[in-house]
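Q: Please take a close look at one part of this structure. I would like a single connected account, with its setting filled in afterwards.

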Amino acid sequence: MTPKRQRVLFSLAILSWSAALLYFHASGRIVKYLAPDFRPIALAGGLGLAVLGLFNLLTAGEKADHDHGPSELNPWLAFLLMVAPLGLSIAWTKDEYSFAALSRKGLFDSPTASGANALAATRPPLTREELEKDHRRTADGFYEFNLIEIFLATGDREQQGLLDGMKIATEGKLAPDPAGEGKRARLYRLFVTCCAADSRAIPIALDLGGLPAAEVAAGGWAKASGTLTFPLEGGLIQPVLKVERLEPTAPPTEENFLRN
Amino acid sequence: MDARQDFALAFLSILFEGAPFILLGTLVSGLLDVYLPAGAMERLLPKNRVAAVLVACLLGAIFPVCECAVVPVIRRLVKKGLPVSCGLGYMLAAPIVNPITALSTWKAFEGQSPLMMTSGRLALGYLIAVAVGLIVLRLPVGKVLKPSMLAEPASSPDESPAGSCCDHGCGCHGELPAVSPDGKLVAAFRSALKDFVDVGVWFSVGVALTALFNTGIAPGARWLDQVAQHPAGAPAALMGLAYVLSLCSTSDAFIAATLDRFSWGAKLAFLVFGPMLDVKLTFLYQSVLRKRFILALAAGLFVAIGTVSMLWQFWLTR
């Protein structure tokens, strides 16, 4: 292959990476893949790759003052290795993990087995009055809590004491619990450090009791309201919400918990 | 079908996270290729070869780069005359010994002895990089660099492989010829294109493997719990985890901080080994280093970091 054709081929490979970055950014789908501080970097990267690819494509035939020899890689193989995994991934992605992958990321683990203790240690001590003051109360008497607050309370005996028996409402994605025989489900969100690959599930258990079949599809966003308890199950403390009402809700702008 | 969707999400997220940093590295390397005179880096470092390694391993504090971006930069700097010993020392140290990584480690371990973990990480990262640099100083360069990096014979056994930076051995950089600015720009972008593809191919393969491990890591997670309190097994297991997960050094501390079943020593091993060697780096290193040297480096890093981490843990708990 001539150096000019090789430069054209490599420019196209780089432009395909650029197009993927820019497309996911423009479509808003990037929020499912990267934490906020990495998104502008990805945008800058996409634009930079576009400049690099286009510049080399447009000047592929020009003589440079100092020209390097051809790449040691087979140009077609290099092109294939750069473009094929990217293309297949774009075709296959659904912007979310399956429940099988989520189970590997802690969806069905107890918070005490998922690092809640370490995270909870960073939190200041609170009183019941402060908790009630800091959380909005719905018209029917449920205090609105962020899911991760309940998750972290599992690693903090003091907070468990404050929250145990409290009527709370919280939001997350719904997952059926395979061991729950239809009476248990999980409400979860993902905690993302940098990108989806390093995400961990932040779950609580829902005790649906005799509640009629919920109108929330598995994987859909739900608002669960009920009484929070912290029973010992399988030797580990679990946050269990005894659900009185479960209703579909719109996903928040930022679906994942972020390190900031 | 589930496996495809899981692989795709992990693959794209790591690719999107890492690609801009590779671009940054290759653009810097392209500019260095065309605008930096041969031997300029050598002149910045002390004449004494041991002192040069000691200083090179601290350059990350001034030029902070993560492990994805550092490989293309090193490729070019070594070709431009940076001694191989200094290049490798910088390559291993820069992702750890830099202000961004120090800050993220501190933030991640707030409430869990941040000073101890941050200083321990920076100190061990620096010491290991210096040790590798000093060992490479005594090796023939042909045993370290892959043949394509050896465009021309080295001026001394441990020194740069090239008076020229070019694969084609043009020898045109000892004295840069008078050239037009446009021609230089084309050359810089062309150099960046070649470097990006050379590194991007290995990165793509490495990310694909990482995504496969990342989404199928469940059996390992249960096994990890069992070895968490073992004095030698815990650091070994976390170094293995760091290798598989291939996290960025600017953010891996946030994962380490949640591994609350593990000792400080095991977490330190995770934080130092990961930025120096992981799945994607194994592939990226192949654009610079000989495969046999990479194997020796991997074994050396594993043993050295594991041993120091165990001793550190022993000292903390005695």
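How many cavities of 30 Å³ or more does a search of the whole structure find? Which residues lie nearest the centre of the largest cavity, and which strand gives the most to its lining?

A: This is a predicted model, and every value below is computed from it. Three cavities of 30 Å³ or more turn up when the whole structure is searched. The largest cavity has a volume of about 180 Å³. Rolling a probe the size of a water molecule over the atoms is what shows where empty space is left.

Now the walls. The lining of the largest cavity comprises 15 residues. Nearest its centre lie Asp95(A), Glu96(A), Lys173(A), Leu190(A) and Asn256(A). Strand β3 of chain A, residues 184-192, gives the most to this lining. Its share is four residues. By class, seven lining residues are nonpolar, six are charged and two are polar.

Next, a residue of strand β2. Thr170(A) sits in β2 of chain A, which covers residues 167-176. Is Thr170(A) buried or exposed? Its relative accessible area is 2%, so Thr170(A) is buried, the cut-off being under 20%. Its side chain has polar partners in the backbone. A polar atom of that side chain lies 2.8 Å from the backbone oxygen of Phe145(A). The backbone nitrogen of Leu147(A) is 3.3 Å from a polar side-chain atom of Thr170(A). Phe145(A) and Leu147(A) are also among the residues that Thr170(A) touches, as is Asn146(A). Leaving aside residues up to four places away in sequence, the contacts of Thr170(A) further include Ile150(A), Leu187(A), Ile204(A) and Leu241(A). Ala222(A), Lys223(A) and Ala224(A) complete that list.

Thr127(A) offers a second threonine to look at. Thr127(A) is in the loop of chain A between α5 (116-120) and α6 (128-134). Thr127(A) has a relative accessible area of 35%, so it counts as partly exposed, between the 20% and 50% cut-offs. From Thr127(A) to Leu80(A) the sequence separation is 47 residues. In space, their C-alpha atoms are 60 Å apart.

Chain A as a whole gives the setting. Chain A has eight helices and nine strands. Of its 260 residues, 51% are buried. Take its contacts between residues at least 6 apart in sequence: 72% of them join residues at least 24 apart. The exposed area of chain A is about 11500 Å², and carbon and sulfur atoms supply 58% of that.

Chain B is built from helices. There are 14 helices and zero strands in chain B. Along the sequence, its pattern is therefore α throughout, helices being DSSP runs of H or I. Of its 318 residues, 62% are buried. Contacts in chain B with a separation of 6 or more come 80% from residues 24 or more positions apart. Chain B exposes about 11700 Å², with 69% of this from carbon and sulfur atoms.

One helix of chain B deserves a mention. Helix α5 of chain B, residues 84-93, is mostly covered, with 10 of its 10 residues buried. Its buried residues include Val84(B), Cys86(B), Leu88(B), Tyr90(B), Met91(B) and Leu92(B). Ser85(B), Gly87(B), Gly89(B) and Ala93(B) are buried there too.

Notes
Residues are numbered from 1 along each chain as its sequence is written. Chains are lettered from A and ligands numbered from 1 in the order in which they are written. This is a predicted model: local features need pLDDT of at least 70, side-chain atom pairs count only at pLDDT 80 or more; totals for chains, interfaces and linings use all residues. Side-chain values use heavy atoms; hydrogens and water are left out. Helices (H or I, at least four residues) and strands (E, at least two) are DSSP runs, numbered from the N terminus. Buried means under 20% relative accessible area, exposed over 50%, partly exposed in between (1.4 Å probe, protein chains only). Contact means heavy atoms within 4.5 Å. Accessible areas come from the Shrake-Rupley method with a 1.4 Å probe; for residues, only the protein chains shown count as cover. A polar contact is a pair of N or O atoms within 3.5 Å; within protein, one must be able to donate a hydrogen and the other to accept it, and residues adjacent in sequence count only if both atoms are side-chain atoms. On a 1 Å grid over the protein atoms alone, a cavity is a set of points where a 1.4 Å probe fits but cannot get out, and a pocket is an open set with protein on both sides within 12 Å along at least five of seven lines; lining residues have an atom within 4 Å of a point. Grid points are joined across faces, edges and corners, and a volume is the space filled by probe spheres set on the points. Ala, Val, Leu, Ile, Met, Phe, Trp, Tyr, Cys and Pro count as nonpolar, Asp, Glu, Lys and Arg as charged, and the others, Gly among them, as polar.
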